[in-house]
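Biologist: I should like a close look at the side-chain interactions in this structure. Please treat the charged pairs with particular care, and give the reasoning where a bond is absent.

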Amino acid sequence: MRNPPKKRLRRSMMFLNCQKPGLIRDPYIYKPDSIILDLEDAVAENQKDAARYSLYHALREIDYRGVERVVRINGLDTPHWKEDIRVCVAGGADTIRIAKTESARDVHVIEEHVLAAERELGRPEGSTLLMAALESCSGVLNVLDICRSSERLIGVALPSVDKGTHAPSTVFWRLAALTSIGVRPVRLIPLPCQPPKYGTWGPKEFCTTDLRFCKALERGVLDVR
């Protein structure tokens with residue numbers, strides 16, 4: 001799939017570390033709707049070039065059998081994102097996930113570089129889609145502008161847990177903020193996917209708390225104590 005439609009099923013996304021070629025070789029056997037090939041947090045700082053090399057060859061040589069290929073690039077506050085974009089476009093990635101998106105301008109900057117890479121590398125203009133990850137209060141408050149920022153944008157993503165505590169409270173209050181400004185998620189499906197070794201939150205606590213919060217959002221009630 002070289003030019004994926006903006007509207008398609010994205011029920012499941014499997015994260016894969018591009019630093020480890022064995023992991024990105026055959027994830028299609030699990031039949032996810034999308035795979036996220038990670039160049040950001042999963043990759044050590046001194047392994048960014050090696051990860052890009054593995055990513056390029058995977059995109060060019062592996063038949064993922066219709067699975068959407070999303071690449072999570074490094075943030076605009078790093079020296080890596082420009083080369084990440086070139087590799088994504090050269091390899092023919094379906095979608096680029098923008099890390100730490102805080103404003104519509106962030107999307108515009110990425111889009112400009114994607115377009116330049118498409119022209120330089122002979123890819124069809126507009127063939128690389130975008131996804132914005134909201135990882136800060138600024139991103140949530142600017143979500144409406146972000147959603148309107150580009151025709152390439154397929155949607156926005158919220159991280160599932162707080163990296164410091166490994167508890168889901170951070171994403172809960174991002175969702176609450178979205179609801180308070182009139183943006184209601186279409187569907188939230190709680191999955192007990194966080195291993196219990198992280199902090200005190202085990203699969204049961206994640207699933208139960210997620211479900212309570214989702215139901216509260218549906219009712220428009222934000223106090224779920």
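Modeller: What follows is an account of the salt bridges, then of the other side-chain interactions, and finally of two loop positions.

The model is predicted, and every value below is computed from it. The structure holds 13 salt bridges, and three of these pairs can be taken one by one, beginning with those inside a helix.

In the pair formed by Asp 49 and Arg 52, the side chains meet with an N to O distance of 2.6 Å. Asp 49 and Arg 52 are three residues apart in helix α1, and therefore about one helical turn separates them. The two partners differ in their surroundings: Asp 49 has a relative accessible area of 57% and is therefore exposed, whereas Arg 52, with a relative accessible area of 8%, is buried.

A second pair has the corresponding arrangement in another helix. Glu 83 forms a salt bridge with Arg 86, and their closest N and O atoms are 3.9 Å apart. That distance counts because the cut-off for a salt bridge is 4 Å. Both Glu 83 and Arg 86 belong to helix α2, which covers residues 81-91, and they are three residues apart, about one turn of the helix. Glu 83 is partly exposed, with a relative accessible area of 38%. Arg 86 is likewise partly exposed, its relative accessible area being 31%.

The third pair reaches across the sequence. Arg 152 forms a salt bridge with Glu 111, with 3.6 Å between the closest N and O atoms. Arg 152 lies in the loop between α5 (143-147) and β6 (153-157), while Glu 111 lies in helix α3, so this salt bridge ties together parts that are 41 residues apart in sequence. Arg 152 counts as buried because its relative accessibility is 8%. Beyond the single pairs, Asp 38, Glu 40, Arg 72 and Lys 100 are joined into one network by salt bridges that share partners.

A further arginine is described here through a backbone partner. Arg 69 is placed in strand β3, and a relative accessible area of 4% makes Arg 69 buried. A polar atom of the Arg 69 side chain lies 2.7 Å from the backbone oxygen of Gly 92.

The aromatic side chains can be treated briefly. The structure holds one aromatic pair. Tyr 28 and Tyr 64 form this pair in an edge-to-face arrangement, with 6.4 Å from centre to centre and 80° between the planes. The pair links distant parts of the chain: Tyr 28 is in the loop between β1 (13-17) and β2 (34-38), and Tyr 64 is in the loop between α1 (48-61) and β3 (68-72), 36 residues apart. Both tyrosines, Tyr 28 and Tyr 64, are buried.

The loop between β1 and β2 also holds Asp 26. Asp 26 counts as partly exposed because its relative accessibility is 26%. Although Asp 26 and Arg 65 are 39 residues apart along the chain, their C-alpha atoms are separated by 9.8 Å.

As to the absent bond, the structure holds zero disulfides. The sulfur of Cys 18 is 8.3 Å from the closest cysteine sulfur, that of Cys 88, and this is too far for a bond. The reasoning rests on the cut-off, because a disulfide requires cysteine sulfur atoms within 2.5 Å. Seen from the other side, Cys 88 is in no disulfide, and its nearest cysteine sulfur is that of Cys 18, 8.3 Å away. Cys 18 counts as buried because its relative accessibility is 0%. Cys 88 counts as buried as well, because its relative accessibility is also 0%.

The last position is Thr 101, which is found in the loop between β4 (95-98) and α3 (104-121). Thr 101 counts as buried because its relative accessibility is 0%. Apart from neighbours within four places in sequence, Thr 101 is in contact with Asp 106, Val 107, Ala 132, Ala 133, Leu 134, Gly 139 and Ile 146. The C-alpha atoms of Thr 101 and Met 131 are separated by 9.5 Å, with the two residues 30 apart along the chain.

Note on methods:
Residues numbered from 1 in each chain as written. Predicted model: local features only at pLDDT ≥ 70, side-chain atom pairs only at ≥ 80, totals over all residues. Heavy atoms only, no water. Helix = DSSP H or I, 4+ residues; strand = E, 2+ residues; numbered from the N terminus. Buried < 20%, exposed > 50% of the residue type's maximum accessible area, 1.4 Å probe, protein only. Contact = heavy atoms within 4.5 Å. Phe/Tyr/Trp six-rings, centres within 6.5 Å; stacked < 30°, edge-to-face > 60°. Polar contact = N/O pair within 3.5 Å; in protein donor to acceptor, adjacent residues only side chain to side chain.
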